[in-house]
Amino acid sequence: MQITQDKKRNLFIKSYGCQMNEYDSERMTEILEKHNYSSVDEPNQADLIILNTCHIREKAAEKIYSELGRLKKINLNSERDIKVAVAGCVGQAEGHEIIKRSPIVDLVFGPLTYHQLPEMLEEIESKPGSPNKKLVNIDVPDEDKFLELKGSRKNLKSISSLLSIQEGCDKFCSFCVVPYTRGVEISRPSKQIISEAKELIGIGAKEIILLGQNVNAWSQSNETDIDMTFPELIKEISKLNIDRIRYITSHPRDMTEELMKSHKEITKLQPYLHLPVQSGSDKILKEMNRNYTSQEYIDIINKTREYRPDIAISGDFIVGFPGETDYDFEATLDIVRKVKYAHAYSFKYSPRPGTPAALKQEQINEEVKSDRLKKLQELIRQQTKDFNAGFLDKDIDVLIEKKGIGENRLTGRSSYLQPVHMSGDTSFIGEILKVKIVKTRDNSLEGIIL
Ligand code: SAH
Ligand code: SF4
Ligand code: F3S
């Protein structure tokens, strides 16, 4: 499909939300590059602006409207005909509503239809004698998006490259919009994944991060059996010329012993596990429809640590879920104390339209939520600090990812995903070096290349 004459144009794309959105933005950029679009860093230089949005919490979704407010000024002051598109999960969830609220928007689409961008742009393109057209494209398409995108990985965004292997979610946690914005859970075929991994390695990737909202639920099956499990897929990828493999995000329900064991057996698989628990209270976990108890979660962590004692555990928490008492919140602090996280994200519960939890009577007031969040974050901050402090004077492997801030500075990551800062030449980028840790901070390490 040709966009009208494929004339040279500029693209500004901004991502919000999770790494799956970042991945999608990379893919949109690639499709458009094929059609003569070049990326620019400022929206006022663009002919096409895409906001790739997140709907997970109210704040995330509302951000888009303030951004659209800013873009309106740019649009009005420009002599160019700037097209504005809202992509991603807000696009999927709010559809036509977005154009109603913000008439500068020309195009709305979701995570399931972005491969059709060239056709969509062709459709909204102003034609002589006819006015500009607006388009909302949030239907679930029949075709395999990834097949349409095949062979387009040409620009390396980062040494550490994202690769979506699984889309959507069937778990329907009572607080969450993802099953509605990203559709049913689909595992990409292993062949497709391996071939994309090879493309990424071909352009210089040293680390691959396998992505999915429930990445560890990935499997490949035929009518009756499972052909390939997630750990088997990791093993296949580890045979390629790649240094490191990670996966994110996992669900406790899908944490098989085979996967835990992989952290011992597959050396390229990094000792890091992001396993959100959300709450430590069994009553709340049940209300959230998480389908595990706090003890089951702890058992998974302990078992994983038997296979890989040094594994860094990370997680997500929600405080102030409807009906959460002080007692329930204490149980959350308690599970944090038991697990000892290397790192974790925590959020105030945000009621989301269309989710069952938003209809619950016992919503918690903002002040209580803020107070609980503060307490939880303080505990997690202390744990991250302690985890990092354990690395002082140690010699560790660091994958050098990019130039750091300041002259002759580099930034990389430890196997445990800690950011490591050090001095050194940019020619080291892409290498795994031994680094002596000379200082530890709350959220990063300082080292000297050995
Ligand atoms: N699939 C992952 C998480 C995806 S969303 C899982 O099941 O663990 C990322 C995180 O956002 C969630 O882990 C949760 O902590 C948070 N989140 C999701 N919905 C939320 C809501 N309505 N309010 C506050 N936080 C939310
Ligand atoms: Fe959302 Fe639950 Fe699915 Fe995670 S598992 S994406 S929290 S519904
Ligand atoms: Fe947000 Fe959609 Fe990701 S709602 S967290 S961008 S799947």
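In this predicted model, a nitrogen atom of ligand 1 lies 3.0 Å from a backbone N or O atom of Phe175. Another backbone contact involves Gln213, which has a polar backbone atom 2.7 Å from a nitrogen atom of ligand 1. With Asp316 the side chain takes part: one of its N or O atoms is 2.6 Å from an oxygen atom of the ligand. Of the 540 Å² of accessible area that ligand 1 has on its own, the protein covers 92%.

Two elements give two or more residues to the shell around ligand 1, namely strand S15 (312-319) and strand S16 (343-348). In total, 16 residues surround the ligand. The closest are Gln213 and Asp316, already met above, together with Gln278, Arg290 and Ser350. Sorted by class, this shell holds six nonpolar residues, five polar ones and five charged ones.

Ligand 3 has its own set of surrounding residues. Cys18, Asn21, Thr53, Cys54, His55, Ile56 and Cys89 are among them, and so are Arg182 and Gln213. Gln213 is thus listed around ligand 3 and also among the closest residues to ligand 1. The shell around ligand 3 is made up of four nonpolar residues, four polar residues and one charged residue.

The chain as a whole can be read through its domain assignment, which gives domain 1 (9-137), domain 2 (145-368) and domain 3 (395-449). Taken over C-alpha atoms, the centres of domain 1 and domain 3 are 36 Å apart.

Note on methods. Residues are numbered from 1 along each chain as its sequence is written. Chains are lettered from A and ligands numbered from 1 in the order in which they are written. This is a predicted model: local features need pLDDT of at least 70, side-chain atom pairs count only at pLDDT 80 or more; totals for chains, interfaces and linings use all residues. Side-chain values use heavy atoms; hydrogens and water are left out. A residue is near a molecule or strand if one of its heavy atoms lies within 4 Å of it. A polar contact is a pair of N or O atoms within 3.5 Å; within protein, one must be able to donate a hydrogen and the other to accept it, and residues adjacent in sequence count only if both atoms are side-chain atoms. Accessible areas come from the Shrake-Rupley method with a 1.4 Å probe; for residues, only the protein chains shown count as cover. Helices (H or I, at least four residues) and strands (E, at least two) are DSSP runs, numbered from the N terminus. Ala, Val, Leu, Ile, Met, Phe, Trp, Tyr, Cys and Pro count as nonpolar, Asp, Glu, Lys and Arg as charged, and the others, Gly among them, as polar. Domain bounds come from an automatic or database domain assignment.
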